[in-house]
Protein chains: 2
Amino acid sequence: MVDKGLLIVISGPSGAGKGTLCKALLNKRCDLSISVSMTTRSPRAGEVEGRNYFFVDKDKFESMIEKNGFLEYACVYDNYYGTPREYVENLVNSGKDVILEIDIQGALKVKEVYPEGVFIFILPPSMEELKNRIKKRGSETEESLILRFKSAYKELNYVSKYNYVVINDTVDNSVEKLHSIIIAEKCRVDRYKDSILNSKEGLLHEQFYD
Amino acid sequence: MVDKGLLIVISGPSGAGKGTLCKALLNKRCDLSISVSMTTRSPRAGEVEGRNYFFVDKDKFESMIEKNGFLEYACVYDNYYGTPREYVENLVNSGKDVILEIDIQGALKVKEVYPEGVFIFILPPSMEELKNRIKKRGSETEESLILRFKSAYKELNYVSKYNYVVINDTVDNSVEKLHSIIIAEKCRVDRYKDSILNSKEGLLHEQFYD
């Protein structure tokens with residue numbers, strides 16, 4: 001029997017840098033899979049089906065909602081976005097570790113249905129830095145900037161729902177921490193107790209002494 | 001305020017290789033401290049006070065027992081061995097991460113008085129390999145070999161009392177796992193929730209927007 005893989009949920013406020021960290025982590029660890037979301041919005045130029053998103057129509061999405069087919073989903077500006085349950089579970093059951101990059105509201109929903117996931121909260125090194133990062137994205141009015149920042153600040157309270165927090169000071173430091181968390185989780189006794197005890201039982205049949 | 005360091009308890013059956021791993025880990029991570037035991041036995045040639053052991057007489061040891069001065073202690077062949085509580089607590093309180101290499105009985109006692117420690121069980125890759133390692137040490141009669149092996153085997157049941165298990169296949173792999181466990185533990189929300197929330201409170205006084 002293959003040990004199940006981990007679902008590693010990488011989350012945090014907008015501007016904390018979770019997208020950059022996920023890309024860098026996947027570069028370092030090509031054994032990891034990334035969870036691909038499903039959406040009803042139209043593909044943009046250059047977006048590839050099954051890599052950026054699974055693109056489906058509204059009927060298909062809603063019928064999947066009814067069949068409990070999502071770990072979480074949300075409706076944003078009249079378009080659905082969701083994490084397909086079967087897609088993730090198939091990967092995890094085949095022993096793959098899956099990265100799911102997601103906002104805080106989504107992560108909290110995933111935790112309800114998949115509490116055995118590894119929930120990692122990415123924090124900016126300071127609120128000053130968070131402000132700079134949100135600013136740098138441009139394309140924001142001053143008003144929406146304040147709104148975004150205040151909402152990011154409020155969301156910090158959810159850190160206590162997570163297993164780990166990584167303060168994103170530099171990409172290299174943070175990726176090392178994410179990498180270490182994955183290795184450490186695979187050594188956790190409460191996660192793999194059954195397989196440890198099974199292998200111990202297997203050892204019972206070994207010759208003690210010859 | 002300095003974040004407290006970790007007490008990292010590295011334990012497992014005799015022959016699992018915990019001594020070799022601790023040495024290799026301390027070579028890789030010179031920021032770690034090692035817990036030095038106290039004993040009433042006489043120093044052997046080359047042993048240095050405060051590095052190999054703290055050497056004390058029986059009266060001193062027993063008065064420390066009375067003052068609850070040990071995280072654990074045991075009497076072996078008429079000599080006391082113990083882990084001095086104040087020595088370890090001073091290091092941890094100053095922010096140092098402390099490695100304590102100890103047998104399983106000792107680790108279980110430490111866990112009772114210091115449950116916030118990180119308890120890591122070192123397993124040999126197989127019982128066959130454990131047998132070979134115990135054999136290699138030589139200086140064992142066949143009888144004592146069987147006894148040692150059977151006791152090591154029985155002790156495997158205690159793995160469920162630990163936080164982590166590291167299967168010692170190669171020194172390099174195992175040291176990477178130990179190193180990762182230490183990094184990951186420092187990211188755990190339940191360990192550092194207070195200091196995360198404190199730093200968040202501190203951020204309240206930052207300018208939101210200028």
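**View 1. The surroundings of A:Lys18 in the predicted model.** Leaving aside residues up to four places away in sequence, A:Lys18 touches A:Ile10, A:Ser11, A:Gly12, A:Pro13, A:Glu101, A:Ile102, A:Asp103 and A:Ile122. You will find A:Lys18 in helix 1 of chain A. Is A:Lys18 buried or exposed? With a relative accessible area of 13%, A:Lys18 counts as buried, because the cut-off for that label is under 20%.

**View 2. The stretch that UniProt annotates as "binding site" in chain A.** An unreviewed UniProt entry places this feature at A:Gly12, A:Pro13, A:Ser14, A:Gly15, A:Ala16, A:Gly17, A:Lys18 and A:Gly19. One of these residues, A:Gly15, sits in the loop that links strand 1 (7-11) to helix 1 (18-28) of chain A. A:Gly15 has a relative accessible area of 5% and is buried.

**View 3. A:Ile120 and the largest nonpolar core.** This core has 40 residues, and A:Ile120 and B:Ile120 are those with the most contacts inside it. Which residues does A:Ile120 touch, not counting those up to four places away in sequence? Its partners are A:Ile8, A:Val9, A:Ile10, A:Ser11, A:Tyr162, A:Tyr164, A:Val166, A:Leu178 and A:Ile181. Two of these names may look familiar: A:Ile10 and A:Ser11 are also among the residues that A:Lys18 touches.

**View 4. An open four-stranded sheet in chain B.** The strands follow the order 4-3-6-5, with mixed pairing. Strand 4 (53-55) and strand 5 (70-76) of chain B each have a single partner strand, so one side of each lacks a neighbour in the sheet. From one strand to the next, the twist averages 25°. Strand 5 of chain B pairs with strand 6 (residues 79-84) of chain B in the antiparallel sense, over six bridges. To pick out one pair by eye, start at B:Ala74, whose bridge partner in strand 6 of chain B is B:Tyr81.

**View 5. Helices against the sheet of chain B.** Helix 2 (residues 58-66) of chain B packs on the sheet and touches strand 3 (37-39), strand 5 and strand 6 of chain B. The direction of helix 2 of chain B makes about 50° with that of strand 6 of chain B. Helix 3 (residues 85-93) of chain B lies across strand 4, strand 5 and strand 6 of chain B. Helix 3 of chain B runs at about 25° to strand 6 of chain B.

**View 6. Chain A as a setting for the close-ups.** Chain A holds eight helices and nine strands, and 46% of its 210 residues count as buried. Among contacts in chain A between residues at least 6 apart in sequence, 67% join residues at least 24 apart.

Terms used: Residues are numbered from 1 along each chain as its sequence is written. Chains are lettered from A and ligands numbered from 1 in the order in which they are written. This is a predicted model: local features need pLDDT of at least 70, side-chain atom pairs count only at pLDDT 80 or more; totals for chains, interfaces and linings use all residues. Side-chain values use heavy atoms; hydrogens and water are left out. Helices (H or I, at least four residues) and strands (E, at least two) are DSSP runs, numbered from the N terminus. Buried means under 20% relative accessible area, exposed over 50%, partly exposed in between (1.4 Å probe, protein chains only). Contact means heavy atoms within 4.5 Å. UniProt positions are given in the numbering used here, feature names are shortened, and annotations may be inferred rather than shown by experiment. A nonpolar core is a set of buried Ala, Val, Leu, Ile, Met, Phe, Trp, Tyr and Cys residues joined through side-chain atoms within 4.5 Å. Two strands pair if DSSP finds at least two bridges between them. Axes are lines fitted to C-alpha atoms, for helices over the stretch in contact, and angles run from 0 to 180 degrees between N-to-C directions.
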